[in-house]
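This report goes through the sheets, the helix packing and the ligand surroundings of the structure shown below. Please read it alongside the sequence and the coordinates.

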Amino acid sequence: MKCSLLGVDKAGLIDVPEYKRRKAMALSPNIMRDASDKVLTHGQPGEEVSLELILRVVADVGLVGLPNAGKSTLLSAITLARPDIADYPFTTLMPNLGRLGGDPALGALQFSSEATLADLPGLIEGAHLGKGLGRNFLRHLRRTRVIVHVVDAAADDPVHDYKIVREELRMYNPQYLERPYVVVLNKIDLPKAHDRLSSLALEISSIGCEEGHDKSASKDDLNGHQVSSEAEVEGGEKELGDYPRPQAVVAASVLRHIGIDEMLKEIRAALRKCFDHKLPEP
Ligand SMILES: Nc1nc2c(ncn2[C@@H]2O[C@H](COP(=O)(O)OP(=O)(O)OP(=O)(O)O)[C@@H](O)[C@H]2O)c(=O)[nH]1
Ligand SMILES: [Mg+2]
């Protein structure tokens with residue numbers, strides 16, 4: 001049997017010997033069939049595109065708070081994550097993720113109560129306008145179900161600090177304030193925090209309205225899947241007091257491992273509450 005090698009010409013068309021080319025049959029402008037029944041296709045010019053990919057972490061729980069409140073310490077206290085921790089603001093520059101083990105009290109079902117936590121960089125007043133590390137990482141809260149506010153209870157004015165963070169969330173995306181949340185009053189090992197704990201807890205737990213009073217939050221909003229990007233730039237008309245109160249306010253020292261069990265109990269309760277809502281299709 002006679003056999004010849006076929007090359008590829010510059011146009012990308014397989015180089016069919018002249019005697020065969022005459023018999024080549026055009027099936028369409030780009031496709032032809034040669035005498036030996038091979039289908040030849042004209043190459044097309046390639047395309048070039050520039051893509052900007054935006055990372056958005058997917059976590060069940062988002063940890064928020066002012067710089068130095070102890071968010072990363074909290075993550076390292078309850079998960080195997082080992083984020084950088086230091087006594088200066090903006091130690092965390094990118095979100096850290098950690099996996100919270102399931103509730104051992106559930107026995108064989110404990111794995112169904114596992115959750116992923118995201119420790120976000122510290123927020124400061126004006127973050128939604130780009131101050132501090134800006135608003136970029138606030139998008140990571142989009143897919144969270146529960147928000148945990150970490151407040152330094154030994155700071156000069158913890159209630160003011162707490163309101164600043166709530167306000168920043170509201171200005172970025174008011175839907176974030178509709179989600180169940182737990183406030184952790186951290187650093188209670190310090191005398192300054194310990195002495196004012198009850199009044200602080202009382203004051204923070206009374207900021208907000210009874211759940212169910214708000215008509216604008218849909219179930220989809222709670223799960224964070226249907227929030228429009230427009231919502232992220234609208235501040236909304238409501239004030240902090242018009243959004244739901246915290247699910248719980250717990251005192252802890254995440255550094256000294258004080259109050260961890262109670263804190264976990266409340267975070268898990270808030271997560272369970274979300275799972276009661278039907279998830280939208282992905
Ligand atoms: N006394 C005391 N110090 C704590 C506690 N939790 C955290 N700290 C300290 O507070 C400082 C800040 O802790 P981080 O966990 O880095 O705080 P952060 O909120 O992640 O800070 P940013 O990443 O800057 O937003 C560190 O020096 C911690 O050791 C606590 O329960 N008690
Ligand atoms: Mg940190």
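## The mixed sheet

In this predicted model, 6 strands form an open sheet whose pairing is mixed and whose order is β5-β6-β4-β7-β8-β9. At the edges stand β5 (96-100) and β9 (248-251), and because each has a single partner strand, one side of each is left without a neighbour in the sheet. From one strand to the next, the twist averages 25°.

Within this sheet, strand β7 (residues 146-152) and strand β8 (residues 181-186) run parallel and are joined by 6 bridges. One residue pair can be named here, since V151 has L185 of β8 as its bridge partner.

## Helices on the sheet

Helix α5 packs on the sheet, where it touches β8 and β9, and the direction of α5 makes about 160° with that of β9. Helix α7 (residues 260-275) also packs on the sheet, touching β4 (61-64), β6 (115-119), β7, β8 and β9, and the direction of α7 makes about 150° with that of β7. Strands β8 and β9 are thus touched by α5 and also by α7.

## The contact of α3 with α5

What is the angle at which helix α3 and helix α5 pack? Helix α3 (residues 158-172) and helix α5 (residues 197-205) pack at about 30°, and their axes lie 10 Å apart. Because angles under 35 degrees count as roughly parallel, α3 is described as roughly parallel to α5. The crossing in which α3 passes α5 is right-handed.

On the side of α3 the contact is made by P158, V159 and Y162, while α5 contributes L200, E203 and I204. Sorted by character, the residues of this contact comprise 5 nonpolar, no polar and 1 charged.

## The antiparallel sheet

A further open sheet is formed by 3 strands in the order β1-β2-β3, with antiparallel pairing. Its edge strands are β1 (25-26) and β3 (39-41), each of which pairs on one side only. Strand β2 (residues 31-33) pairs with β3 in the antiparallel sense over 3 bridges, and in this pairing M32 stands opposite L40 of β3.

## Surroundings of ligand 1

Which residues come nearest to ligand 1? Of the 25 residues around the ligand, the nearest are G70, S72, T92, G122 and L255. Among the contributors to this shell, helix α2 (residues 71-78) gives the most, with 3 residues.

The character of the shell around ligand 1 is divided among the classes, with 10 nonpolar, 10 polar and 5 charged residues. For comparison, the contact of α3 with α5 holds 5 nonpolar, no polar and 1 charged.

Definitions and conventions
Residues numbered from 1 in each chain as written. Chains lettered and ligands numbered in written order. Predicted model: local features only at pLDDT ≥ 70, side-chain atom pairs only at ≥ 80, totals over all residues. Axes fitted to C-alpha atoms, helices over the stretch in contact; angles between N-to-C directions. Helix = DSSP H or I, 4+ residues; strand = E, 2+ residues; numbered from the N terminus. Parallel < 35°, antiparallel > 145°, perpendicular 65-115°, else oblique. Left-handed = near helix turned anticlockwise from the far one by under 90°. Contact = placed C-beta atoms within 7 Å. Nonpolar A, V, L, I, M, F, W, Y, C, P; charged D, E, K, R; others polar. Pairing = 2+ DSSP bridges. Near = placed C-beta within 6 Å.
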